[in-house]
Structure formats: C-alpha cells, structure tokens
Amino acid sequence: MLDSIVIKGARVHNLKNIDVGIPRDSLVVITGPSGSGKSSLAFDTIYAEGQRRYIESLSAYARQFLEQLQKPDVDSIEGLSPSIAIEQKTTAKNLRSTVGTVTEIYDYLRVAYTRIGRQSCYKCGAPIATQGIQQIIDSVTALPRKTRIQVLSPIVTGRKGEYKKELYEARKKGIIRARIDGEMVDITKEIKLNRHKRHNIDIVIDRLIIKHGIDKHISRAITHATEFSDVVIINIIDENRDIFYSTKLACPNCGVNYPEISPRFFSFNSPFGACPECRGLGFKNAGEDDEDSRTHAICPSCNGLRLRKEALAVKINGLNLGELSAKPINDILPFLEHLALTGTEQTIASKVLKETKERLCFLNKVGLGYITLNRPAVTLSSGEAQRIRLATQIGSSLTGVVYIFDEPTIGLHPGDCSKLLDSLCKLKEMGNTVIVVEHDEDTMKRADHIIDMGPGAGTEGGHIISEGNLNHITNDKKSITGAYLRRSLIIPVPEQRRKPKDFITVKGAKEFNLKNINAKIPLGVLTCVTGVSGSGKSTLIIEILYKALSKKLYASKEIPGKHKGIQGIEKIDKVIDIDQSPLGRTPRSNPATYTGIFTFVRDLFSRIPDSRVRGYRPGRFSFNVTGGRCETCKGDGLIKVSMHFLPDVYVPCEICKGSRYNRETLEIRYKGKNISDVLNMTTAQALEFFDSIPSLKHKLYTLEKVGLGYIQLGQPATTLSGGEAQRIKLSRELGKKATGNTLYILDEPTTGLHFIDIQKLLDVLNGLVDAGNSVVVIEHNLDVIKSADYIIDLGPGSGEGGGKIVASGTPGEVASNPGSYTGKFLKEKLGLREAVA
C-alpha cells in the first residue's frame with residue numbers, strides 16, 4: 001500500500017486543479033482562510049470518493065445507486081482507505097435520542113441492570129419474589145362476587161412473526177379463542193398476521209364468573225394457563241382491565257406482579273419499558289417530533305426519568321437506571337468503579353461493566369465529563385456532538401481508516417484542547433489516518449503535516465499555498481497562516497477598553513449547576529463569558545438571561561431557568577440571540593432567501609422588459625411555487641435518493657440540471673445572467689454584479705463584512721456549518737436599521753474562522769457596540785477574549801465542579817486572578833503589559 005493518499009487534479013468547487021499528497025497513519029491539519037477550499041478538499045473530494053468506493057464494494061442492490069452518485073471532480077486518488085467523516089452536525093431530530101443511546105453506553109447499562117439489578121416493589125419497597133400457583137388462585141377467588149373474568153395465557157409478547165405454528169399447537173390442546181393485538185378472534189379459522197409487525201397473542205383458557213363453589217374451576221384454569229406461560233392474565237371483562245400474575249416475580253406484601261426483567265424492560269423507546277404517561281420522552285405532552293424540551297414540563301409520573309415505575313424499582317447500589325443516567329459522566333465513572341458486588345455478580349457483569357467504563361473514559365478524555373447520559377442529543381452543540389462521535393469511534397477500535405474531522409476543538413476551553421488532541425493522536429496510533437480541518441494553533445503544533453489553503457476565499461482560494469511540518473509553514477513567507485504563527489501578523493490588543501454604561505443583574509441563578517449566583521452583565525461594551533466546557537456559561541446567558549428578557553420584552557413562551565429575578569431590564573429595548581441553529585431544514589432555504597436578498601433579485605428580474613412583455617411577476621422567479629420552477633424537482637434542483645442502509649443523498653435533477661427553473665424562466669436575463677446564474681454567484685461576485693443597485697449592495701456588503709464573501713447565494717442551508725449559519729444571521733441583523741440599546745448574544749461566533757477572519761468578526765462586533773448596543777459573547781478563543789472590554793469567567797470546573805463566577809472585570813484583571821483557569825491562558829496571550837495587581 002502507498003504511504004500517502006495521492007490526489008491529482010482536484011477541481012471540486014473552487015479547487016484549482018490541485019495535486020497533493022497526504023501522509024498515511026498521520027495527523028494532518030488542513031487550514032486556511034474561511035472559504036479557501038479546506039472542506040472542498042477534505043469532505044467533498046477525499047470523503048466523497050471514499051464513500052463512493054465503499055458503496056462500489058457492496059452488493060448489486062447497493063450498486064444500482066452508483067450511477068446517481070456523482071464522482072468528485074478529480075483526476076485520480078490513490079492510496080485511499082474507507083473514510084469516516086465526523087462533521088459539525090447533530091443527526092438527532094427528536095427527544096428520544098440521548099447521549100447514552102448515541103454512544104451505546106445506555107444499551108450496556110440496560111444489560112447490566114438486567115443481570116445484576118435488584119428488583120423491589122415500587123409500592124412498598126419489599127424485594128420481589130416468585131408467586132406460587134396457589135397464591136394466584138387465592139388472589140383470583142378473592143375477587144368480588146359476580147365478577148366476570150377471562151383467564152388468559154400470553155404466548156407471544158411484542159414480537160414480529162406470523163406464529164402459525166404456535167396457534168396450531170394451541171388449537172391441538174383445545175384452545176379455540178385468543179386475544180390477538182387487543183382483539184378477540186376465533187383461532188379455529190385461518191389467522192394471517194403481518195410478519196413485519198410486532199404482535200401480542202394471549203390465548204383464552206376459560207371464561208368464568210366469580211361465585212360460591214367456583215374454586216376448582218379457577219384452580220384448573222390457572223394450572224392449565226401456567227402450562228403455556230409463566231404469566232397468567234386475569235381479564236376483568238366488564239372493566240376491560242388486566243391483572244397480571246407471575247409464577248416467577250411478585251411482591252410478597254402487596255401482591256403486585258412484575259414481568260420478567262430483560263434489556264427492553266429498561267428501554268424508554270420500547271412500550272415495555274417506557275413510562276406510559278410520557279411515552280418515554282420524560283416530558284408532559286411532548287410530541288415524537290419535538291426538538292425542544294424546554295417548553296415542556298417534567299412528566300409527573302416518572303419525574304423525567306422516562307421509564308415505567310416497575311423498571312425504576314430495579315436498582316444497583318441504591319440507584320435505578322434513570323437516576324444513574326441523570327448523573328454527569330464524571331460521577332458515573334467512580335460509581336461503577338466502586339460497586340459493591342458479590343463474586344457471582346462480578347463474574348456475570350465484568351465484561352459489560354468493562355465496556356461501559358471504557359466508553360465513559362473516552363468521553364471524559366474529550367472534555368465531556370460534565371454531560372449526563374440522559375441529555376437529549378438535539379440539545380448538544382455541534383462541537384459536543386462531534387466529540388461524542390469521536391469518543392464512539394475510539395471505542396470501536398477500527399484500524400486502517402481515514403477519519404476526517406471538521407474543527408473538533410469547537411466549544412473547548414484552551415485547557416481542554418490537550419485532552420482532545422491526545423484522543424486524535426490515539427486514533428492515529430491505532431493505525432488510522434486522521435485529517436482535521438482546523439484553525440486552532442495548538443492543533444497545528446501537534447500535527448505531523450499541515451496543508452495551508454488560500455490565498456483568499458471563494459474564487460480567490462482553492463490553491464495550496466504551503467504544505468509541510470509546523471516549522472515549514474511558520475517560515476513560509478507566502479502563507480498568511482504562517483504569518484500569524486510567527487507573529488508577524490497579530491490580532492492586536494485594544495489600546496483602550498470601553499467602560500460599562502450600566503449593568504443588568506441576574507439574581508440567584510441556580511439552573512442546572514449554577515450555585516445561586518448573582519451576575520452583573522455590563523451594557524455598552526463587548527463582554528466575553530468564559531470558562532471550561534460545562535461550567536455554566538450557556539445556562540447563565542441563554543437559559544436564564546436571554547429567555548427571561550425574551551419573556552419580558554416579547555412575551556415569549558419559553559421557560560427561563562431558575563433564578564430569583566433580573567434587575568435593569570428597562571435599560572434595553574431589544575434582545576437578540578444569534579445562534580448556530582440551521583437556517584432551515586431543507587435545501588430550499590439558502591442565504592439569499594434568509595437575508596431577504598432574493599426578494600430584491602426577483603423584483604429586479606420581474607421589471608426586465610422581456611418579463612413585462614411575457615407578464616412575469618416576481619412570483620415567476622420563485623422556486624417555491626408553481627409557474628417558473630422545474631416541476632420535476634419542484635424547484636429543489638436536486639432529487640433525494642433514499643439509500644436505505646446509508647444516509648440519503650441528493651443528486652442534480654436531470655431535467656433542469658440543478659438550475660431549479662424551467663426553460664422559459666431561464667430565458668430572462670439581466671446583464672447576461674439568468675436567475676439561476678445569480679443564485680450560483682458568491683457574495684463577492686454578486687456584490688460586484690449588483691454594484692449599481694443600492695438596496696442589494698447594502699445587504700450583500702453586510703454578508704461580505706462578516707467574512708462570508710465566498711458562500712453562494714443559493715447554497716442550500718443544509719450544507720452550511722453552524723458558524724456560517726450564525727454569521728448569516730448576524731449579517732441580517734446588521735442589515736436592519738440600527739436603534740441602539742439592543743443586547744446581542746452570540747455563542748462561539750469564531751466557529752470556522754481563520755485568524756484573519758477573526759479580526760473581521762471583531763470589527764463587526766465592535767461596530768455594534770459603537771452604535772450604542774451591548775454584545776455578550778460566549779467564547780473560548782483567546783484572541784476574542786483578549787479583545788473584550790469585560791470578562792465574566794465561570795468555573796472553576798465543569799458540571800457540579802462549576803457554576804460559580806471565579807473572576808470578572810477587564811482582561812487584565814482576569815489574567816491576574818490566580819483563581820481563574822482562563823486567566824492562566826489569557827495572561828500568556830496578553831503578556832505582562834496588562835496584568836494588574
């Protein structure tokens with residue numbers, strides 16, 4: 001096998017026919033300005049071709065889709081292994097997916113609770129014991145007189161199949177009726193069941209009325225029922241209610257019967273384990289497709305633990321599975337390490353506990369020790385979701401794979417980055433090639449090889465400016481990355497810091513891990529909220545401050561986190577949270593539609609003389625309505641292809657060739673370009689093209705101003721990173737008429753930004769402050785932190801070890817505070833010039 005992945009003639013997107021060699025079994029960083037072609041090389045060329053070749057190795061059924069999967073525009077790639085991409089995207093779409101289920105740790109714990117869990121009665125707490133047949137008979141005969149009952153025996157419970165053999169055997173033994181999926185049927189007739197669906201089959205042993213002298217009939221019926229199953233069901237006919245009895249498990253005090261414990265008994269995604277009131281979602285009135293749990297109250301039946309009460313009565317060392325899952329990973333590890341188990345229990349559970357602890361350790365090593373296993377996956381940031389997938393991959397122990405990561409250091413405090421880099425190096429040492437698209441300096445210092453793309457963004461990028469080790473890049477005069485690494489270019493420390501005009505004070509904040517703190521949020525300045533991952537930054541600023549202000553100013557229905565009150569709300573007029581959530585869920589959403597640029601473009605095209613002659617109005621140029629769009633793809637420009645066993649792929653529509661419009665619409669041109677050509681323009685190209693139209697020029701300028709000159713106006717929202725989506729939202733806010741007195745909140749706005757782009761972002765944020773607004777940024781990037789007017793540093797640790805304000809003030813004051821972990825790193829960045837005693 002070649003010792004390098006050799007790529008020749010790569011022309012995907014803005015790549016300029018480049019040739020490059022990537023050393024195998026190495027940690028390789030691809031860096032460069034935003035839009036320079038990093039992702040085009042890593043994901044759209046290397047990963048796309050790796051995926052295509054993988055499918056080519058599959059069965060004929062899978063290969064039928066190959067003609068629709070486009071080959072990347074590259075002459076050749078040699079030495080490529082199977083590829084796995086770990087991007088900045090959360091795949092979960094509802095509340096059922098949690099950290100525990102995504103990592104499979106919850107599945108291992110379900111097995112552990114099945115094997116060594118101790119079951120007790122949820123009513124009285126007594127240990128569960130088996131019931132004898134006589135006890136069951138006595139309980140049934142004690143029912144009120146004249147009660148009409150059916151004695152049933154379950155032979156199939158929640159399993160797929162046709163069960164012809166089982167029904168035939170029951171008929172041979174004299175059974176003529178059964179309750180199948182809740183309905184009574186005559187099994188002497190032919191029964192056809194859908195073998196792809198789950199079924200419940202309870203055969204009817206006898207029908208009786210409780211009265212004097214019925215004891216022998218009841219005894220005979222129950223004895224007969226136990227010949228088919230360990231469980232006996234007594235159906236109270238007039239109430240349509242079932243009473244379950246088990247010859248194996250029952251409470252000796254209350255007489256409550258319990259089903260046999262199995263892993264599905266602890267699954268909140270199964271009807272056998274889920275809390276019946278919330279259906280395993282943990283929240284009252286939550287729907288299957290809900291993505292936000294914050295607007296729902298905790299389920300009163302299970303207290304948010306998702307499982308039925310019988311499952312929650314099974315404990316290991318005093319904790320049920322719901323309670324254990326609600327603990328941070330940092331607390332679960334010592335709990336499992338110090339389990340008090342008998343010799344037999346240790347033998348039974350040793351393997352499953354070993355696998356569980358290893359996976360928990362991997363999560364801890366990538367800086368996620370503060371996360372709980374029951375946390376819904378939809379609430380994870382893009383950086384957290386990516387690190388969870390990294391931990392899962394380390395646990396899989398694969399070798400010979402090409403791993404491709406997209407900025408894995410996102411959301412990590414400088415002190416946590418070393419743990420993540422250790423994990424990436426471990427993947428490499430296992431015999432894998434690790435390619436990382438990254439701007440982080442510490443990651444470059446650990447890399448074996450660096451590829452620097454540029455020199456600019458969009459059409460100005462797509463070249464390899466420099467490649468080699470860190471020393472080579474640092475000393476290469478052509479490399480702008482090298483200029484920042486050798487400090488010939490720097491992001492300067494502000495000469496003067498603004499003073500707060502006033503404060504908004506959050507009183508008694510105690511949501512999640514916050515320790516009843518009072519936080520003063522300065523107004524009229526650029527504020528950075530810092531601290532290690534999980535220290536409580538987002539809880540304070542998003543869950544409490546933003547939601548409380550939204551409720552007061554806009555009558556929002558979102559429920560703020562626990563706090564006593566907020567003083568000073570009257571000092572601001574508006575609050576705007578510019579987050580990294582997607583602009584839309586389908587390829588129809590794009591930067592042009594979101595920012596309002598497309599409204600002006602459609603209006604412009606409708607006023608062209610050819611449009612007026614044909615009677616075309618602005619709606620003709622919309623790809624969302626019938627008229628001007630291509631009806632084959634319904635204006636998407638893409639056709640969705642279901643891959644069944646793989647993620648769906650989108651391929652260009654064969655009729656419109658991806659243009660979205662029909663032939664007649666595309667005949668209308670402005671300055672030689674049709675509407676599809678405009679959507680394919682980058683922001684920079686469109687700014688030049690529409691230079692004479694002030695309304696369009698202003699909106700396009702704001703997009704370029706936030707460092708997005710390289711994105712296409714019609715680029716599907718689903719292909720944008722979280723950082724790009726956030727900056728598009730920021731540009732839309734900049735395009736609005738300034739009113740002042742607005743509080744802007746941004747979470748990790750440096751996501752996806754090169755050193756040179758961070759300076760552009762700071763210019764934008766400072767412009768907002770200079771216009772009379774306040775900006776609060778949750779950030780780990782030291783260049784942004786050192787440029788702030790004021791810092792609020794939370795910690796000192798994560799999870800229960802955090803939740804306090806350890807330092808606040810100017811960057812110099814925080815840097816000189818010995819209790820601040822952030823201050824330690826900030827001091828190095830500032831130098832001694834700004835340190836104050």
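Which residue stands opposite Val314 in β13? In this predicted model, that partner is Gln119. Residues are numbered from 1 along each chain as its sequence is written. Because the model is predicted, local features need pLDDT of at least 70 and side-chain atom pairs count only at pLDDT 80 or more, while totals for chains, interfaces and linings use all residues; side-chain values use heavy atoms, with hydrogens and water left out.

Back to Gln119 and its surroundings. Strands here are DSSP runs of E with at least two residues, helices are runs of H or I with at least four, and both are numbered from the N terminus. Strand β13 covers residues 314-316 and is joined to β6 by 2 bridges, with the two running antiparallel. Two strands count as paired if DSSP finds at least two bridges between them. An open sheet of 3 strands results, in the order β6-β13-β14, with antiparallel pairing. Its edge strands, β6 (118-119) and β14 (319-320), each pair on one side only.

Next comes strand β28, residues 790-795. All 6 of its 6 residues are buried, so the strand is largely enclosed by the rest of the structure. Buried here means under 20% relative accessible area, exposed means over 50%, and partly exposed is anything in between (1.4 Å probe, protein chains only). In a regular strand the side chains alternate between the two faces of the sheet. Along β28, Tyr790, Ile792 and Leu794 point one way, whereas Ile791, Asp793 and Gly795 point the other way. This strand has parallel company in β21 (residues 526-530), to which 4 bridges join it; Thr527 stands opposite Tyr790 there. It also pairs with β29 (residues 804-809), this time antiparallel and through 5 bridges, and Gly795 faces Lys804 in that pairing. Gly795 turns up again just past the strand: the peptide bond that joins it to Pro796 is cis, with omega about 0°. Pro796 sits in the loop between β28 and β29.

Over in β29, Ile805 is worth a look. Is Ile805 buried, partly exposed or exposed? With a relative accessible area of 29%, Ile805 is partly exposed. Leaving aside residues up to four places away in sequence, it touches Ile517, Asn518, Ala519, Ile792, Asp793 and Leu794, where contact means heavy atoms within 4.5 Å. Ile805 and Ser535 are 270 residues apart along the chain, yet their C-alpha atoms are separated by 9.4 Å.

Now for the nonpolar residues. In soluble globular proteins, nonpolar side chains tend to be buried together. A nonpolar core is a set of buried Ala, Val, Leu, Ile, Met, Phe, Trp, Tyr and Cys residues joined through side-chain atoms within 4.5 Å. The largest one has 138 residues, and those with the most contacts inside it are Phe405, Val601, Phe605, Phe690, Leu730 and Val775. Helix α26 (residues 755-770) gives the most to this core, contributing 8 residues. Leu730 touches Ile578, Val706, Leu746, Leu761, Val764 and Leu768, again not counting residues up to four places away in sequence. A second, separate core has 32 residues, including Ile136, Val151, Ala178 and Ile243.

Empty space matters to the picture too. How much space lies in the second largest pocket? The answer is about 1,500 Å³. On a 1 Å grid over the protein atoms alone, a pocket is an open set of points with protein on both sides within 12 Å along at least five of seven lines, and lining residues have an atom within 4 Å of a point. Of the 44 residues lining this pocket, Thr157, Val231, Phe244, Pro259 and Phe272 are the closest to its centre. Elements that each supply at least two lining residues include α5 (133-141), β7 (148-160) and β10 (198-209). By class, the lining has 17 nonpolar, 13 polar and 14 charged residues.

Finally, a few backbone oddities. Another cis peptide bond runs from Gly454 to Pro455, with omega near 0°, and Pro455 is found in the loop between β17 (449-454) and β18 (463-468). Lys146, in the loop between α5 and β7, has a positive phi near 70° without being a glycine. Arg660 also has a positive phi, about 85°, and is not a glycine either. Lys146 counts as exposed at 72% relative accessibility, but Arg660 counts as buried at 6%.

Technical notes
1 Å grid on protein atoms, 1.4 Å probe; cavity = no way out; pocket = protein on both sides within 12 Å on 5 of 7 lines; lining within 4 Å. Points joined across faces, edges and corners; volume = space filled by probe spheres on them. Nonpolar A, V, L, I, M, F, W, Y, C, P; charged D, E, K, R; others polar.
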